[in-house]
Amino acid sequence: MHIVRDLFININILVALVFVYSQLIDRKIFRSLTPITRRIAGGVASGILGVILMLFSIQVTPDTIVDLRHVPILLSMIYSGTIPAIVSAIVIIIARFFIGFNLSSIVALLYVVAVTVGFYFIRNLKMKRVSKVFWMLIYANIIFSFVISYLVPEWNVLKTLVPIFWILSIVGGLIGYYFSEHLRKTHKLFQHYKAQSTKDFLTGLRNVRYFNEKLMSIYEDEHVKEHSLLYLDIDHFKKVNDTYGHNEGDEVLKQISNIMVSHVRPIDSCYRKGGEEFSIILPSSSLTKAQEIAERIRRTVELHPFKLTNGKVIFVTISIGISHFPSISNNGNELVELADEALYLSKKSGRNKVSIATKKRPA
């Protein structure tokens, strides 16, 4: 009964730490690392999991214990590649020598090395991932059987120990694999929905929710000394919808979105705020630079032949308002209001224009 208890404890440790690991790798600090540093860090984390599993060994007989240290190496090899698996193996080996330097630790070193090398070759086989995991576990069990036969050459012990280890290893390994698969799929689904929640489905631009988050992050970044904000609106867009239909109006929105994206810098970001209204955040942009970009977009839209799905070609114009931090305002909410007021000024003074916000006087 104690074997089942120990296995249950090990599986819970494995599941909990795999979950913690999956959460850590999605953190900003982890994603900011270089690819090789990220792999090494992942390998170290996997190795620590192996060490913890060693510390919570499973008592098979009164004199023998086994553990699932090979499972983290397996998961690293399957999901992260050779470098993380090797790093994981090294961490486990070092920890084993800290526990004690003797014949068992030397044999354990050879076991971990043999397992890691075998995992590498199995990983490169052309088969389904679950099949690779299964054969990795079988291979690790075979290596273990040879190792334990050398360390404990007693048939009465081996006839109990080896079959139990095979069962524990396969059960623990497959549970670890399936839980990791579940976490990966869940994480992908979460990222997909997260992206969709901040993305405008029609134009592919970010939506107003992401606009607010981005603007807030810029204000909180002390390294950003200045930035500009553009508000854009399509002139007489209601007439386009009324004349040609909303489907054709959507086509105009998509083409204008493409023009905006193609005329800004890689560090800039474009947003659809709703309807025919758009905005562009220009980090580290002077007011002069913002005027240049705004005028370039306005001019391109004015000259662009908008080809509708029915084959007709129409021309539209846009109006733009600009505000700038900190020369016009150093308050985030006020900066947005001023950009909107500048846009209104462009529309009021004849449309198809770029207007700059006026700095508010202190009350």
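**Exercise 1. Check the span of helix 13 (residues 332-348) in this predicted model against 1.5 Å a residue.**

Step 1. Helix 13 has 17 residues. The expected span is 1.5 Å times one less than the number of residues. For helix 13 that gives 24 Å.
Step 2. The end C-alpha atoms of helix 13 are 24 Å apart, so the two values agree.
Step 3. Now list the buried residues of helix 13: Gly332, Leu335, Leu338, Ala339, Ala342, Leu343, Ser346 and Lys347.
Step 4. Recall the helical repeat. An α-helix has 3.6 residues a turn, so residues three or four places apart point the same way.

**Exercise 2. Find which residues after helix 13 have a positive phi, and state whether Arg351 and Asn352 are buried or partly exposed.**

Step 1. Start just after helix 13. Gly350 has a positive phi of about 125°.
Step 2. Move to Arg351, in the loop between helix 13 and strand 9 (354-356). Its phi is positive, about 70°, although Arg351 is not a glycine.
Step 3. Asn352 sits in the loop between helix 13 and strand 9. Its phi is near 55°, again positive in a residue other than glycine.
Step 4. Compare with the general rule. Most residues other than glycine have a negative phi.
Step 5. Apply the cut-off: buried means under 20% relative accessible area. Asn352, at 19%, therefore counts as buried. Arg351, at 31%, counts as partly exposed.

**Exercise 3. Describe the peptide bond that joins Phe325 and Pro326.**

Step 1. Read omega: about 10°. The bond is cis.
Step 2. Place Pro326. This residue lies in the loop between strand 8 (318-325) and helix 13.
Step 3. Set this beside the general rule. Most peptide bonds are trans.

**Exercise 4. Work out how helix 5 (residues 82-99) and helix 6 (residues 103-123) pack.**

Step 1. Take the geometry. The axes are 10 Å apart, at an angle of about 170°.
Step 2. Angles over 145 degrees count as roughly antiparallel. Helix 5 is therefore roughly antiparallel to helix 6.
Step 3. Look at the contact. Helix 5 contributes residues including Ile86, Ala89 and Ile93, and helix 6 contributes residues including Leu109, Val112 and Tyr120.
Step 4. Sort the residues of this contact: twelve are nonpolar, four polar and one charged.

**Exercise 5. Explore the largest nonpolar core.**

Step 1. Give its size: 48 residues. Leu74, Tyr111 and Phe119 have the most contacts inside the core.
Step 2. Trace the suppliers. Helix 5 and helix 6 are among the helices that each supply at least two residues. Helix 8 gives the largest share, nine residues.
Step 3. Zoom in on Phe119. Leaving aside neighbours within four places in sequence, its contacts include His70, Leu74, Met136 and Tyr139.

Methods:
Residues numbered from 1 in each chain as written. Predicted model: local features only at pLDDT ≥ 70, side-chain atom pairs only at ≥ 80, totals over all residues. Heavy atoms only, no water. Axes fitted to C-alpha atoms, helices over the stretch in contact; angles between N-to-C directions. Helix = DSSP H or I, 4+ residues; strand = E, 2+ residues; numbered from the N terminus. Parallel < 35°, antiparallel > 145°, perpendicular 65-115°, else oblique. Contact = heavy atoms within 4.5 Å. Nonpolar A, V, L, I, M, F, W, Y, C, P; charged D, E, K, R; others polar. Core = buried A, V, L, I, M, F, W, Y, C linked by side-chain atoms within 4.5 Å. Buried < 20%, exposed > 50% of the residue type's maximum accessible area, 1.4 Å probe, protein only.
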